[in-house]
Structure formats: C-alpha cells, structure tokens
Amino acid sequence: MRTAFVKGLTKLMQDDDKVITITADMGFSVFEEMQSQFPSRFINTGVTEQASVSTAAGMALSGHKVFFYAQAPFATMRCFEQIRLDVAYGNLDVKIIGSATGFFANQLGVSHFATEDIGLMRLLPGMTVFTPGDAYEADWATRKAYELSTPCYIRLTKAGSPVVHNKPIDIELGKFIPLRSGKDASLFVSGSLLPMAIDIRDALAKHNVSLGVYSLPTVKPLAKEEILLQAKLTGNVFTLEDHNIVGGLGSSFAEIFAEDRTGVNFYRFGIPDKFTNITGSVPFLLAHNGLSSEIISQKILRLLAINH
Amino acid sequence: MLRKDNVTALERQAKALRRTVLAMITGSNASHIGSSYSMIELLIYLYDKTLRVDPKNPLDPARDRFVLSKGWAVSCLYAVLAEKGFFEKSLLQEYCKDGSKMLGGSTINGIPGIEATTTSMGHGLPLGVGMAISAKIQKIDSRVVVMISDGEINEGSTWEAIMLAAHHRLDNLLVIVDYNKWQSFGRPKDILNLEPLREKWEAFNWEVRECDGHDFLDIDRNINKLPFIIGKPSVLIAHTVKGKGVSVFENRNEWHYKTPKGKDKIIAEKELAK
C-alpha cells in the first residue's frame, strides 16, 4: 500500500513542479529515489512535526501543493493544533500522510499505534479522510487527494500489504466499492482490514449466510444516500475498521443511521475504547481486540440469530 | 539612511497610529493595547521602507510577506494596512464588533494584506519558513518578515523553525523579536528565562542584530539592507517597551488584558494628542 502511494506521488512530482514532499525524518528505504530525483522538492524537515505542518502551510500559501509524511501518531496527533489552525482552517492544499496506522508499529506499543487518527482528522471541517484498504485504493487516494486543492488525510499501513482489487479504481469521492454481494447482511469495511472482510464473508458462507462486502476508501465524506440505500436492502449492517470504535467509520455510520431512523440492525467492529498495553504480531494484537475473521463471523451469526 | 526630517514624519505617524489603535480598542472593549504599542515603530518602518507590497495587488506572487506571529496585536497591523491603502479606513471601526471580519487575532479571512492565520503562539515562524522555502524553490525574489513575541520563544515549534531556517540557509527570512520582556503572566526572566537570547540565536546559526525598537534611526541602521549576510537567516532583537507611548500603559502588563477606560483613557488621549 505504501509502495503504491510513493509510486503515485513520484509520478505527481514528475508531472507537476508545484508538488512538494515533506517528511519529518521518516521513510528510510522508502524515499531515497524520490530524494535523489527531486533534491529541492523533497524536503526532510527532521523530527519537527509541529513546525513541519506549519512550514507545509506556509508553502501552500505560496502556491505549492504539499504532501507531509510521517508515522501516523506524529503526523496527526503531535501536530494536531497546527493541522487544525494552519491547514484545516486555512483550507490549504496540504495532504497529511500517516503511515503504519492501526497496530502496524506492532512491537513498539501505544506511542506508535495510530488508533484514534481517523477520529481526530474527521473532526476537522473541510478535511477529506482517505482510508485505503489496499495498493489500488492507495493509488486512487493519492490521485484523488492531488485533484483536490483542499486539506486531506491519507491513512496508510506499510509496504507489502495484501492486494484485494484487481484493477485501478475510479469512483467518486465518498462512495463505496462493492466487492461481494450478499442478501442477508452488509459489511462495510475501511482500511487495512479489507482482506479480513473477505475472510469473514467466506466463513459465513459455510453457515449459509450471504454477506455483502463493501469497501470505503474514504471515511469523510460519505455518500450518505447510497449507504442508506444499500443498508436497507438487507437491514443488517456491520462496519469493520482497525481504529477505535469511537470516531471512525462505525461512528460515522451510527450518526447516519440514527438521524435517518432507518431501523437497520447495526453493529460496529473496531478496537474497543481502551489502550492496548501488550506487544505481538499485528494479527495477534487485532485478535486481542476482538478483530479476527473467526471472532467476528461467530459474533455476526449470533447477532443475525437474535435479529431473526 | 533615514534623514532627520524622515524620522520626524515617521514619529508623527507613530503617534497618529497610537491614537487610531486606542480608538479601535476602546471602541470595542478589546485588549492587547500594550502588545500593539510595543511594535508600532517597527511596523511603520517595515511598511514604509522594507516590504515590497502593493495595496492594489495584495496577492502578487512575487510580493514580500509580513507574518504577524504575535497576532493578538493585529489592531496595530490593521491600522498600518489601512494607512497604506489595503482597505478603507472606515473598516477599522468594525474591529472586534459583532459579526465583523476584523478579528482580534490575525486571521486569513479576506482582509487584504493579512498573510497568515496566527495568534496561536509558535505558528508564525514556521509558516514564514515555509513561505521562504517556497520562494527559493520557485526562484522568486520574495522576502519574508516574521514578527514574534518573546513569549513565543517558549514554544517548541519556534525552536524547530529556528533550526529549519538556518539549515536551509533562508537568507530571504527576517525575524523581528518584539522583545518587550513581558509575557502572559509576567516577566520571562521570572517565568522561563530566555537569556542569553542573542547567543541562543547565534548558536543556531542565525545572524543576529539588536536595536531599540522605538528608535527609527536605530531600526533603519540595522535593517535597511537585507539579508544581514548571504546564506543565513537574519534576526533583529528589538528591545521594546510594552505599552510604549502612554505613561500609564508602559511596562504594565494589565494592558495585555484590559480596555483603557475613564482616567486611563483620558490620560492616553491627552498624551497622544497632536
């Protein structure tokens, strides 16, 4: 996923000399080629996330289009006030790129986990929040963010994550991508748990439950009417994300459903609202938080049984 | 070099602007008159002699940029911009009034000549660094002047930007420290000591000069040629007096918060009379 982003951004830098990449000293073995290709437009600002965001805003005020890259907690949380005032309030052409989101910095602990970043970015008026689920979605998000001249957040994982789609994506901002159709229930997923969503579908198929899977490469904006339409088809809706259950995709859907009074049966799968103070592999940490295809498919079976 | 008659004219302008700012602030129960008065001479000099800006073309990509990092003192900047013709002087009467775009903090919201949203401390210098880097990349001969307060030198983001500017050899950047030796709750020396301030900037590879921030000749002597030296960012530590120009305001931190009223207002009007 990260590789697709870097490739996409490199192409944008080739095509448009207004594009700037700023990294807060992140990207070892990621950005070397870009650095040598664009010595003046690739800037390593050092470990200065707050000043880096303001610097990016200053450059945007002077006509540049700036992509600012760092590990997600430092790209979004360390400098949140700079993003809020300089970038979002200024409605500037700055793209915040957070890498290693969710539990992808799995061994380092909460300092490096990014499980509240979507919520923070979604709070900001005018901020577009991209949550790509694979390399194709990351490529789309990079192109889409470039087309917009407004603030964006792109939530990346790391290089070598599984690819789910089989061709470049071309959708309107805010719309979902249907991956599998299903007549019993709909699972909306955003971000790196996209492959898990497919696994959940396959697990449920063995129990004769037909689960539709829909990927959302943005959490903000959301195509509310289309989502409601799709949700009402089965009446059973689930969301899945590697983010705090508060503030992300699930929260966004809850807001939509509550105000629409649809009466759909709805349940959010995400990271429970508590810190994870152990280490382990990414799948281990996810499962520790109730996020595995086994746990979730069992839970969905129970929920559907109650609903019927 | 400034001539003596230039200085007299500038001093007259400073007195007039102090009157304007007093009227703006008392007209809307606003605050921060001390912060405005401590930089009036510096601002007048910059807009008269330094900045290549055109009120008729305020967004010219090749213009110099002035970033008021201490954005809570924007009343003074509005007064200077109106004087220079960036907008009608009548707009000054809207300062801090209900529904007005003339906010009490420097904000990009359509007021011509305002270059940055600041007022949250420690934003202006890194914003200016970005503008200066952009100018270098685009090979535009545009200079950036950032006015910071002494309190802002507490902020980590200010020090991050100080390192960035020197590392990138931003000789198109001038920082002016309005060193009035007051911050929100008292004196920096009692709260978070900034000294030795000159040596700190020097150690971070800036070219440093100091001046009396209320003396036009001294200001001119120090910044009439920019940069101070090629290849380094410049910083002018301007020693100033908070509330300068009115006896009851000078060096009294209450005027960071209060609106001059009653006897204080009468004294101010009398001392600033033509």
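## Where the chains meet

In this predicted model, the contact between the two chains draws 22 residues from chain A and 20 residues from chain B. On the side of chain A that touches chain B, the elements giving two or more residues are α3 (49–61) and α5 (80–89) of chain A. The largest share there, nine residues, belongs to α3(A).

What is the chemical make-up of the side of chain A that touches chain B: how many residues are nonpolar, polar and charged? Seven are nonpolar, twelve are polar and three are charged.

## Chain A as a whole

Stepping back to the overall build, chain A holds twelve helices and twelve strands. Its C-alpha atoms fill a box of roughly 60 × 40 × 35 Å along the principal axes. For 308 residues, a compact globule would have a radius of gyration near 19 Å, and the 19 Å of chain A agrees with that.

Of the 308 residues of chain A, 52% count as buried. If you look at contacts in chain A between residues at least 6 apart in sequence, 77% of them join residues at least 24 apart.

## The seven-stranded sheet

Chain A contains an open sheet of seven strands with mixed pairing, in the order β2-β1-β3-β4-β6-β5-β10. At the edges stand β2 (42–44) and β10 (218–220) of chain A; each has a single partner strand, so one side of each is left without a neighbour in the sheet. From one strand to the next, the twist averages 20°.

For a closer look at one pairing, take β1 (residues 19–23) and β3 (residues 65–71) of chain A, which run parallel and are joined by five bridges. Among the partners, A:T23 is matched with A:Y69 in β3(A). Helix α7 (residues 135–147) of chain A packs on the sheet, where α7 touches β4 (94–99), β5 (128–130) and β6 (152–155) of chain A. The direction of this helix makes about 170° with that of β6(A).

## A helix with a buried face in chain B

Over in chain B, helix α9 (residues 216–223) has three buried residues to follow: B:F216, B:I219 and B:I223. Why do the buried residues of α9(B) line one face of the helix? Seen down the axis of α9(B), they fall within an arc of 65°, so they line one face. As background, an α-helix has 3.6 residues a turn, so residues three or four places apart point the same way.

What do the buried residues of α9(B) pack against? Their partners are two helices, α1 (4–27) and α3 (40–50), together with the strands β3 (173–179), β4 (207–212) and β5 (234–239), of chain B.

Note on methods:
Residues numbered from 1 in each chain as written. Chains lettered and ligands numbered in written order. Predicted model: local features only at pLDDT ≥ 70, side-chain atom pairs only at ≥ 80, totals over all residues. Contact = placed C-beta atoms within 7 Å. Helix = DSSP H or I, 4+ residues; strand = E, 2+ residues; numbered from the N terminus. Nonpolar A, V, L, I, M, F, W, Y, C, P; charged D, E, K, R; others polar. Buried ≥ 20, exposed ≤ 12 C-beta atoms within 10 Å, placed from the backbone. Arc of directions from axis to C-beta. Pairing = 2+ DSSP bridges. Axes fitted to C-alpha atoms, helices over the stretch in contact; angles between N-to-C directions. Rg over C-alpha atoms; globule rule 2.2 N^0.38 Å.
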